[in-house]
Amino acid sequence: MKLNDFRSDTVSWPTPEMRRAMADAEVGDDVFDDDPTVNRLQEVSAERFGKEAGLFVASGTMGNLVSLLAHCGRGDEIILGDKAHTFRYEAGGIAALGGIHPHTLPVQADGTLRLDDIRGAIRDDNVHFPRTRCIALENTQNAAGGVPITKAYTDAVGEIAREHGLILHMDGARIFNAAAALDCDVADLTAAADSLTFCLSKGLCAPVGSVVVGSQDFITAARRARKMVGGGMRQAGIIAAAGLVALDTMPQRLYEDHANARRLAKGLATIPQIEIDLTRPITNMVFCALRADAKLTAPQLADRLKQHNILTLSMGERGFRFVTHYWIQPEHVDQLVKAIAEELAS
Ligand SMILES: *Cc1c(COP(=O)(O)O)cnc(C)c1O
């Protein structure tokens with residue numbers, strides 16, 4: 001990459017192997033179910049998660065949207081975190097397009113929702129109330145710091161869902177990061193989820209796309225919803241080919257991104273003007289803040305870092321989120337720490 005780009009793992013370019021696979025991809029019309037490469041990606045994805053079927057979609061946002069359109073009718077209620085990507089960053093799509101009523105619960109520091117809060121949020125059968133239909137979890141929980149959610153917790157939420165006849169959906173945009181951090185199998189980690197969306201285009205480095213997995217009936221409904229929102233693609237094998245390489249080559253190397261994130265966190269902790277909590281579990285995201293006495297604000301520092309050929313994402317006046325990915329090497333981490341130390345030195 002020309003720039004050291006720490007803004008997100010979404011900036012990661014496809015690998016040379018992905019570009020070759022894209023050039024050579026066998027294709028067909030996927031709306032007719034005719035694209036062999038898309039079909040293969042959907043099968044491989046379903047198999048990886050131990051679910052019946054998969055559906056290739058344009059983005060994680062589309063994956064969550066078509067999943068929830070498939071699960072919920074208008075006026076149905078979904079229980080999800082107040083920091084959930086689906087609640088905060090998906091343009092209100094579930095409400096705008098599905099008439100789905102979000103019931104938010106506070107996301108805890110460890111990325112979970114309290115089990116008692118979930119139980120308390122489930123509605124009784126009463127003509128005044130919306131009908132609770134679905135619980136959604138996010139793993140890793142992005143806004144809580146990219147923290148992984150354990151299998152034990154997910155299973156406990158799955159148990160509550162089953163007791164009440166509810167559906168458990170998992171926004172697993174970075175589920176492979178969670179599995180790498182917890183050193184477990186993704187199928188095992190997400191066994192309790194009825195449906196799940198994961199992103200190919202973040203840590204897995206593919207240029208485009210996400211996959212939804214779940215039961216055959218659910219996927220049939222999600223496929224119709226995908227068509228409705230304009231997500232029926234044609235020779236999509238061109239991009240699915242990169243997704244197949246992503247699934248084959250990327251999950252097993254994510255621990256490198258996590259090691260680089262820890263390297264970065266430790267480096268930042270040596271800079272006196274930076275506040276960072278080293279006790280937090282780290283996947284591929286590092287959150288920190290500038291102390292009040294730092295001579296630059298976060299946007300000013302981000303601007304200075306551009307002169308070092310480094311792109312970063314400031315959050316508010318004092319916060320930063322740095323994300324590591326395939327194209328970030330240990331030396332890029334060291335360059336970033338050095339550049340920040342230099343710019344903050346008085
Ligand atoms: C990135 C992300 C998504 C989906 O985002 P797209 O940009 O639409 O692919 C969904 N949930 C979480 C937690 C994410 O981080």
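**Exercise 1. State which residue follows helix α8 and describe its backbone and exposure.**

Solution. Step 1: α8 (residues 175-182) is followed by D183; helices here are DSSP runs of H or I with at least four residues, strands are runs of E with at least two, and both are numbered from the N terminus. The model is predicted, so local features need pLDDT of at least 70 and side-chain atom pairs pLDDT 80 or more, while totals for chains, interfaces and linings use all residues. Residues are numbered from 1 along each chain as its sequence is written, and side-chain values use heavy atoms, with hydrogens and water left out.

Step 2: D183 sits in the loop between α8 and α9. Its phi is near 55°, a positive value in a residue other than glycine.

Step 3: D183 counts as exposed, at 71% relative accessibility. Exposed means over 50% relative accessible area, buried under 20%, and partly exposed in between (1.4 Å probe, protein chains only).

**Exercise 2. Find the buried residues of α8 and the elements that they pack against.**

Solution. Step 1: I175, F176, N177, A178 and A179 are the buried residues of this helix.

Step 2: These buried residues pack against α2 (36-49), α9 (186-189), β7 (195-199), α11 and α12 (254-269).

Step 3: Take F176 and set aside its neighbours within four places in sequence: F176 is then in contact (heavy atoms within 4.5 Å) with R48, F49, V186, F198, L204, L247, P251 and L254.

**Exercise 3. Describe the largest nonpolar core.**

Solution. Step 1: A nonpolar core is a set of buried Ala, Val, Leu, Ile, Met, Phe, Trp, Tyr and Cys residues joined through side-chain atoms within 4.5 Å. The largest one has 53 residues.

Step 2: The residues with the most contacts inside this core are F56, I175, F176, F198 and L200. Helix α11 (residues 237-249) supplies the largest share, seven residues.

Step 3: A second, separate core has 27 residues, among them A265, V286, L290 and V337.

**Exercise 4. Characterise the shell around the ligand and its polar contacts.**

Solution. Step 1: Residues with a heavy atom within 4 Å count as near; the ligand is surrounded by S59, G60, T61, N64, H85, E90, E138, N142, D171, A173, R174 and K202. Helix α3 (residues 60-71) gives the most, with three residues.

Step 2: By class, the shell has one nonpolar, six polar and five charged residues. Ala, Val, Leu, Ile, Met, Phe, Trp, Tyr, Cys and Pro count as nonpolar, Asp, Glu, Lys and Arg as charged, and the others, Gly among them, as polar.

Step 3: Polar contacts are pairs of N or O atoms within 3.5 Å; within protein, one must be able to donate a hydrogen and the other to accept it, and residues adjacent in sequence count only if both atoms are side-chain atoms. A polar side-chain atom of T61 is 2.6 Å from a ligand oxygen, and one of H85 is 3.4 Å from a ligand nitrogen. The side chain of N142 has an N or O atom 3.2 Å from a ligand oxygen.

Step 4: On its own the ligand has 380 Å² of accessible area, of which the protein covers 84% (Shrake-Rupley method, 1.4 Å probe; for residues, only the protein chains shown count as cover).

**Exercise 5. Locate H325 and its polar partner.**

Solution. Step 1: H325 lies in the loop between β13 (319-323) and α14 (330-344). With a relative accessible area of 0%, H325 is buried.

Step 2: A polar atom of the H325 side chain lies 2.8 Å from the backbone oxygen of D5.
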